[in-house]
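The exercises below concern a predicted model. Work through each task with the coordinates at hand before reading its solution.

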Amino acid sequence: MNTKIKLVIFFSIALFTACNLDEYPYGFYSEDNFFKTAEDAEAAVNYAYGTLNYLEYSRSIFFLGDMPTEMLTTKSDASVHNQDLNNWKVINFKTNETLENFFKYAYIGINRANAVIKKVPDADFDTKLKNQYLGEAYFLRAWNYFNLVRNFGLVPMHYSLVETLEQTSAGLAADMDEAWGIIFTDCRKAIELLPVYEQPKIGRADRVAAQSLLAKAYLYVASAKENNVLLYRDMKRDVTQMYDSAAYFANEVITKQNTYGFEDNLLSIYDVENPRGKEKIFIMGMDRTGQTEGEYSKISKMFIPYIDGATIYLKQGDTDEFIPSHDGWGEYRTEIDFYNAYDANDRRKNHLIVNKVYDANGQVKSEYPGDLLYPFCRKYIDPEFEGDKTSTRPFLIRYSDIALIYAEAAGPNDLSYNLVNYIRSRAGLGNLRPGLSTADFRNEVRKERKFEMAFEGDYMYDLRRYNKIVEIKEVVDAGLTENQYTFYPIPQAEINLNGELR
């Protein structure tokens, strides 16, 4: 029996591990038919990564990370679930399909990682490979909990593999110290076990990815507690120690490895033919040669408006070069106030947001303001698209993000200034004013994140940890309370299926 066939049989239980018991459990784990070889274990790890590429899960990066902010809006005929997220209609959040899918698939990913964590140690193959696969599993479990906790707060804690029906129910974390504890612990285990790849592996995590995730996690907790965010203000962890830990692990990424680093220009970062570029610490593994969506990507269609159904051409920065693209569906629409908030000279506005599209002869075909509906993000463009199939991949962890994390966590030292000023210089802007206080410097870094990390599913989480959600227009207009806007409620379908939550 080949590995692929064994994988389907072996992992069928994972389809219902998010307490979603309306799906039929095809089989349970068997120690007799899997994890006997390194190939088996690698297939299991790949299966755990595969959760990230599910259509409903991958698109939630933007629906949850950018859409509820004043960076993006959506079209008038978008699904009611995404309209509710965009408009902060919290009365419908417990039955929101987008949130339900995100929650479910995160736990499927956790259970697949738990399978590797339980089974690989007893397998009989090379220790170096066992360590790598275990490290990746710990990273993936941490990654899924990182995203769950940021969105839902206290969530069910599955510390071990779900192998029986009775194990599918799990209680909530007792507090935020427990919820974040598994993330910190798993990242540290991943750091101990994983190598640093000499060349990045598309869609796979290494030690640098684990260090980066741990830096992001420590900074999130430090700033959320410092800014008096609900539940975080009750944590026992010390703010200064959390900032110091964030700076330490970000510094490990910046100074202790040579695989990853800054790209010299903005367009190189987002070159779809450069998936192993220096900026890309962890990205999704999608390719236009795939057979089904998830194996290939349609993310570009979500950002680009419909123009006339034909090929459009985009200018490459300040050059006379043009590249082709399809037009799109206009699901993720740039808010004009956000577009106007950029400095007029910022290349991140002028090179990475499109306000003019051209025909094959280089003549303007549509522009904003005018007949182009909105200026659109072009971070996700594939000139070699095949119909709707592209290789555009979400950027899950990027080097510039970790550089800004170091700067925010460490405060105004020489390295922090150098990192922020490099990012600003690449964008065509001047240096930060020297001699800023720690508070003022961190505020400047947070402003920089808004424009550097735009359209990458990051901004909403910055607003969460800064305790700034209350300033979003829709939140203000709806008069939402702190309990309503700080976290999304656990989906009602999951409460119905998990006896520990009722």
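**Exercise 1.** Determine how helix 3 and helix 5 are oriented relative to each other.

*Solution.* Helix 3 and helix 5 are oblique to each other. To reach this result, take the axes of helix 3 (residues 55-65) and helix 5 (residues 97-119), which come within 9 Å and cross at roughly 125°. Angles over 145 degrees would count as roughly antiparallel and those from 65 to 115 as roughly perpendicular, so the crossing falls in the oblique class. As a last step, the handedness is assigned: helix 3 passes helix 5 in a left-handed crossing.

**Exercise 2.** Compare the expected span of helix 2 with the distance between its end C-alpha atoms.

*Solution.* The expected span is 1.5 Å times one less than the number of residues. Helix 2 (residues 38-50) has 13 residues and should therefore span 18 Å, and its end C-alpha atoms are 18 Å apart, which agrees. Its buried residues include A41, A44, V45 and A48, and D40 and Y49 are also among them.

**Exercise 3.** Describe strand 3 and its pairing with strand 4.

*Solution.* Begin with the side chains of strand 3 (residues 312-315), which alternate: I312 and L314 point to one face and are buried, whereas Y313 and K315 point to the other and are not. Next consider the partner, strand 4 (residues 322-325), which pairs with strand 3 in the antiparallel sense over 4 bridges, with Y313 standing opposite P324. Finally, inspect the hairpin, where 6 residues lie between the strands and G317 takes a positive phi near 60°.

Terms used:
Residues numbered from 1 in each chain as written. Predicted model: local features only at pLDDT ≥ 70, side-chain atom pairs only at ≥ 80, totals over all residues. Heavy atoms only, no water. Buried < 20%, exposed > 50% of the residue type's maximum accessible area, 1.4 Å probe, protein only. Helix = DSSP H or I, 4+ residues; strand = E, 2+ residues; numbered from the N terminus. Pairing = 2+ DSSP bridges. Axes fitted to C-alpha atoms, helices over the stretch in contact; angles between N-to-C directions. Parallel < 35°, antiparallel > 145°, perpendicular 65-115°, else oblique. Left-handed = near helix turned anticlockwise from the far one by under 90°.
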